[in-house]
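Student: I would like to learn how to read the features of a model such as this one, going from single residues to the packing of helices. Could we take it step by step?

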Amino acid sequence: AAEPEEFAAALVAAIRRLRPDVLLTHGTNGEYGHPQHVYTNQIVRQAFVAAGDAAAFPTAGTPYAPAAL
């Protein structure tokens, strides 16, 4: 598994490059408690916020905030 900061940076870069209106992820319980699904949910939520924050991951492209998660 990727380290949280590395995973979030990659997601923020993808969000800023692709500029989606909506992000989808696993539920907070990982559907059935699967640890990788829970981890993915946590990092996607962090990336959702960070993508629109110019101070977060400044080398990952122009800030962009999707409309919904």
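**Reading exposure, contacts and packing**

Tutor: Let us begin with a single residue: at 56% relative accessibility, Glu-5 counts as exposed, because the cut-off for exposed is over 50%. Please keep in mind throughout that this is a predicted model.

Student: Where does Glu-5 lie, and how far apart in space are Glu-5 and Phe-57?

Tutor: Glu-5 belongs to helix α1, and although 52 residues separate Glu-5 from Phe-57 in sequence, their C-alpha atoms are 9.7 Å apart in space.

Student: Which residues is Phe-57 in contact with, once its neighbours within four places in sequence are left aside?

Tutor: With those neighbours left aside, the contacts of Phe-57 are Glu-5, Ala-8, Ala-9, Val-12, Arg-16 and Ala-50. Phe-57 also appears in the largest nonpolar core, where it is among the residues that touch the most other members.

Student: How should I think about such a core in general, and which of its residues touch the most other members?

Tutor: The general idea is that, in soluble globular proteins, nonpolar side chains tend to be buried together. In this structure the largest nonpolar core has 15 residues, and those that touch the most other members are Val-12, Ile-15, Ile-43, Ala-50 and Phe-57. Two or more residues of this core come from each of the elements α1, spanning 4-18, and α3, spanning 35-51, and α3 gives the most, with 6 residues.

Student: How is the packing of two helices described, and at what angle do the axes of α1 and α3 cross?

Tutor: Two packed helices are described by the angle between their axes and the distance between the axes. Here the axes of α1 and α3 come within 9 Å and cross at roughly 50°, which means that α1 is oblique to α3. The crossing of these two helices, α1 and α3, is right-handed.

Student: Which residues of α1 and α3 meet, and how many of them are nonpolar, polar or charged?

Tutor: From α1 the residues are Pro-4, Phe-7, Ala-8, Leu-11, Val-12, Ile-15 and Arg-16, and they meet Tyr-39, Thr-40, Ile-43, Val-44, Ala-47, Phe-48, Ala-50 and Ala-51 in α3. Sorted by class, this contact of α1 with α3 has 13 nonpolar, 1 polar and 1 charged residues.

Student: Pro-4 is on that list; is Pro-4 buried, partly exposed or exposed?

Tutor: Pro-4, which is found in helix α1, has a relative accessible area of 39% and is therefore partly exposed. Apart from neighbours within four places in sequence, Pro-4 is in contact with Tyr-39 and Ile-43. Pro-4 and Val-44, 40 residues apart in sequence, are 10 Å apart in space from C-alpha to C-alpha.

Student: For α3 itself, are Asn-41 and Val-49 buried or exposed?

Tutor: Both residues are placed in helix α3, Asn-41 as well as Val-49. Asn-41 counts as buried because its relative accessibility is 3%, whereas Val-49, at 59% relative accessibility, counts as exposed. Not counting residues up to four places away in sequence, Asn-41 touches Thr-25, His-26, Gly-27 and Thr-28. Val-49, for its part, is 14 residues from Pro-63 in sequence and 10 Å from it in space, C-alpha to C-alpha.

Student: Where is Gly-52 placed, and which residues does Gly-52 touch?

Tutor: Gly-52 lies in the segment after α3, and at 39% relative accessibility it counts as partly exposed. Setting aside residues up to four places away in sequence, Gly-52 touches Pro-63, Tyr-64 and Ala-65. The C-alpha atoms of Gly-52 and Tyr-39, which are 13 residues apart along the chain, are separated by 21 Å.

Student: Turning to the backbone, what is the phi of Arg-19 and of Glu-31?

Tutor: The point to look for is a positive phi in a residue other than glycine, and Arg-19 provides a case, with phi near 50°. Arg-19 is in the loop between α1 and α2, the latter spanning 30-33, and counts as partly exposed at 45% relative accessibility. Glu-31, also a residue other than glycine, has a positive phi near 65°; Glu-31 lies in helix α2 and, at 42% relative accessibility, counts as partly exposed.

Methods:
Residues are numbered from 1 along each chain as its sequence is written. This is a predicted model: local features need pLDDT of at least 70, side-chain atom pairs count only at pLDDT 80 or more; totals for chains, interfaces and linings use all residues. Side-chain values use heavy atoms; hydrogens and water are left out. A nonpolar core is a set of buried Ala, Val, Leu, Ile, Met, Phe, Trp, Tyr and Cys residues joined through side-chain atoms within 4.5 Å. Buried means under 20% relative accessible area, exposed over 50%, partly exposed in between (1.4 Å probe, protein chains only). Helices (H or I, at least four residues) and strands (E, at least two) are DSSP runs, numbered from the N terminus. Contact means heavy atoms within 4.5 Å. Axes are lines fitted to C-alpha atoms, for helices over the stretch in contact, and angles run from 0 to 180 degrees between N-to-C directions. Angles under 35 degrees count as roughly parallel, over 145 as roughly antiparallel, 65 to 115 as roughly perpendicular and the rest as oblique. A crossing is left-handed if the near helix is turned anticlockwise from the far one by less than a right angle, and right-handed if clockwise. Ala, Val, Leu, Ile, Met, Phe, Trp, Tyr, Cys and Pro count as nonpolar, Asp, Glu, Lys and Arg as charged, and the others, Gly among them, as polar.
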